[in-house]
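Open the model in a viewer and keep the selection panel at hand. The stops below are meant to be followed in order.

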Amino acid sequence: MGDGVPPEPARGTHPSPAVAASSDAEAIEILGTEDGLPMAAEDHWKVLFDQFDPENTGYISTEKFRNLLQRHGSELDPHKLEVLLALADNNSDGKICYQDFVNLMSNKRSNSFRQAILQGNRRLCSKALLEETGLSLSQRLIRHVAYETLPREIDRKWYYDSYTCCPPPWFMIAITLVEVAFFIYNGVVLDRFVLQVTHPLYLKNSLLYHPQLRAQAWRYLTYIFMHAGIEHLGLNVALQLLVGVPLEMVHGAARIGFVYVAGVVAGSLAVSVADMTAPVVGSSGGVYALISAHLANIVMNWSGMKCQFKLLRMAVALICMSFEFGRAVWLRFYPSAYPPCPHPSFVAHLGGVAVGITLGVVILRNYEQRLQDQSLWWIFVSMYVVFVLFAIFWNIFAYSLLDLKLPPPP
């Protein structure tokens, strides 16, 4: 390798720490050099990197990185070498920046690579997923979902190889079925399915949020089961199934459910702060949280996203969101069927968007990595908690201090 590079330790000497497979391991173990990469201080990796980057561009090619791995980690089995190479070249552009190089060589690898090490008997496909042929319908669906939601090829391979559809994406399907069931029930009771919100008895339902009944805490969440009409329900259901189900297939019910519920709660609280005299109905807060997080993730990882027609898909999603939001704005200022109470507020949509581009983006970006280890995750969680606490105190004190004239209770 040239001057300035310490020689590799001989066998029999005290080995350097390294990552290796262990059938019973629950964490990364420290093993010998026969199955790992040597550890060293960062200045050592700087010397090593500069030898492969004589022009100081800040990048080395994947081929040079392969040669380096074969020199310094010659005992790595081919599977681990393949995963490490794919992880290093996360944008599939054939180049590796210095910081990624240091993180990898100094053992700061992502959870996907750790899982590949710990489950060394698993074999990821050796070529790009799009080149795989002879796939069944279900395999093609899983591949499609991987390319729709994940920006890195290594994550797409790992997801495709490990997804078992157990459990299925139950959360989004269940919440959708409950919303449809409540809408049908209300339609039968009110004998109206189009613009149910204009019915005189609509506000008497104990699920929707009403400013006079804001002390009933369940209404900040259960309002998602009430919709203004079939056009409102149809758009929300279509959007949350088309976007929410693939996201849940990749990120799991816990993460997607958290984003959805956080958007719902933020939506009703935002209305109680910014549009204090209006009721709230519909699941738009949760839907907009998921969609805005997904769209923001695509924009932030534009070069790595390989989904087909991504620009067209984004345009269609934005058009549908704009149409639904415009309908909500129009309805809010349309003369109310039950004065003096106005029609439902549109501010819940904005609360959902705020959650999506903060908490949602962090959750979608960190596929298969522990969120509690991400500093940005804690920053946005803290911001969300502060907003919730502020909204609670606002609801307790601001209404009386501002001496607002609220509509009578239903």
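The tour goes from the whole chain to the nonpolar cores, then to the annotated positions and a loop.

**Whole chain**

Show the protein chain as a cartoon; this is a predicted model. The cartoon should show 14 helices and two strands. The chain has 410 residues, and 51% of them count as buried. Switch to a surface: about 19,600 Å² is exposed, with carbon and sulfur atoms supplying 63% of that area. For contacts between residues at least 6 apart in sequence, 72% join residues at least 24 apart.

**The largest nonpolar core**

Select Tyr159, Met172, Tyr202 and Tyr260. In the largest nonpolar core, which has 78 residues, these four touch the most other members. Colour the helices that each supply at least two residues of this core: helix 6 (137–149), helix 7 (153–162), helix 8 (170–190), helix 10 (230–274), helix 11 (284–300), helix 12 (310–333), helix 13 and helix 14. Which helix gives the largest share of this core? Helix 10 does, with 16 residues.

Now centre on Tyr260 and display its surroundings. Beyond the neighbours within four places in sequence, Tyr260 has contacts with Phe171, Met172, Ile175, Glu179, Ile224, Gln240, Ser283, Gly286, Val287 and Leu290.

A second core is separate from the one just shown; it has ten residues, among them Leu48, Phe49, Leu68 and Tyr98. Select those four to find it.

**Record-based spans**

UniProt, in an unreviewed entry, lists "transmembrane region" for residues 170–190, 256–274, 311–334, 346–364 and 376–402. Select two of these in turn. Residues 256–274 are 100% helix and 0% strand, and the C-alpha atoms at the two ends are 26 Å apart. For residues 346–364 the end C-alpha atoms also lie 26 Å apart, with 95% helix and 0% strand.

**Ser284 and His349**

Next, select Ser284 and His349, where the unreviewed UniProt entry places the feature "active site". They are spread over 66 residues of sequence but cluster in space, the largest C-alpha distance being 5.6 Å. Both Ser284 and His349 are included in the lining of the largest cavity.

Take Ser284 on its own. Its place is in helix 11. Is Ser284 buried or exposed? Ser284 counts as buried because its relative accessibility is 2%, and the cut-off for buried is under 20%. Not counting residues up to four places away in sequence, Ser284 touches His232, Asn236, Glu324 and His349. Draw a distance between the side chains of Ser284 and Asn236: a polar contact of 3.3 Å joins them.

Move to His349, in helix 13. His349 is buried too, with a relative accessible area of 4%. Leaving aside neighbours within four places in sequence, its contacts are Ser284, Tyr288, Glu324, Phe325 and Ala328. Glu324 appears in the contact list of Ser284 and in that of His349, so keep it displayed while comparing the two.

**Asn366, in a loop**

For the last stop, select Asn366, which sits in the loop between helix 13 (347–365) and helix 14 (375–401). What does the side chain of Asn366 reach? It reaches the backbone oxygen of Val362, at 2.8 Å. Asn366 also touches Arg255, Leu371 and Gln374, with residues up to four places away in sequence not counted. Although in a loop, Asn366 counts as buried, at 6% relative accessibility.

Note on methods
Residues are numbered from 1 along each chain as its sequence is written. This is a predicted model: local features need pLDDT of at least 70, side-chain atom pairs count only at pLDDT 80 or more; totals for chains, interfaces and linings use all residues. Side-chain values use heavy atoms; hydrogens and water are left out. Helices (H or I, at least four residues) and strands (E, at least two) are DSSP runs, numbered from the N terminus. Buried means under 20% relative accessible area, exposed over 50%, partly exposed in between (1.4 Å probe, protein chains only). Contact means heavy atoms within 4.5 Å. Accessible areas come from the Shrake-Rupley method with a 1.4 Å probe; for residues, only the protein chains shown count as cover. A polar contact is a pair of N or O atoms within 3.5 Å; within protein, one must be able to donate a hydrogen and the other to accept it, and residues adjacent in sequence count only if both atoms are side-chain atoms. A nonpolar core is a set of buried Ala, Val, Leu, Ile, Met, Phe, Trp, Tyr and Cys residues joined through side-chain atoms within 4.5 Å. UniProt positions are given in the numbering used here, feature names are shortened, and annotations may be inferred rather than shown by experiment. On a 1 Å grid over the protein atoms alone, a cavity is a set of points where a 1.4 Å probe fits but cannot get out, and a pocket is an open set with protein on both sides within 12 Å along at least five of seven lines; lining residues have an atom within 4 Å of a point.
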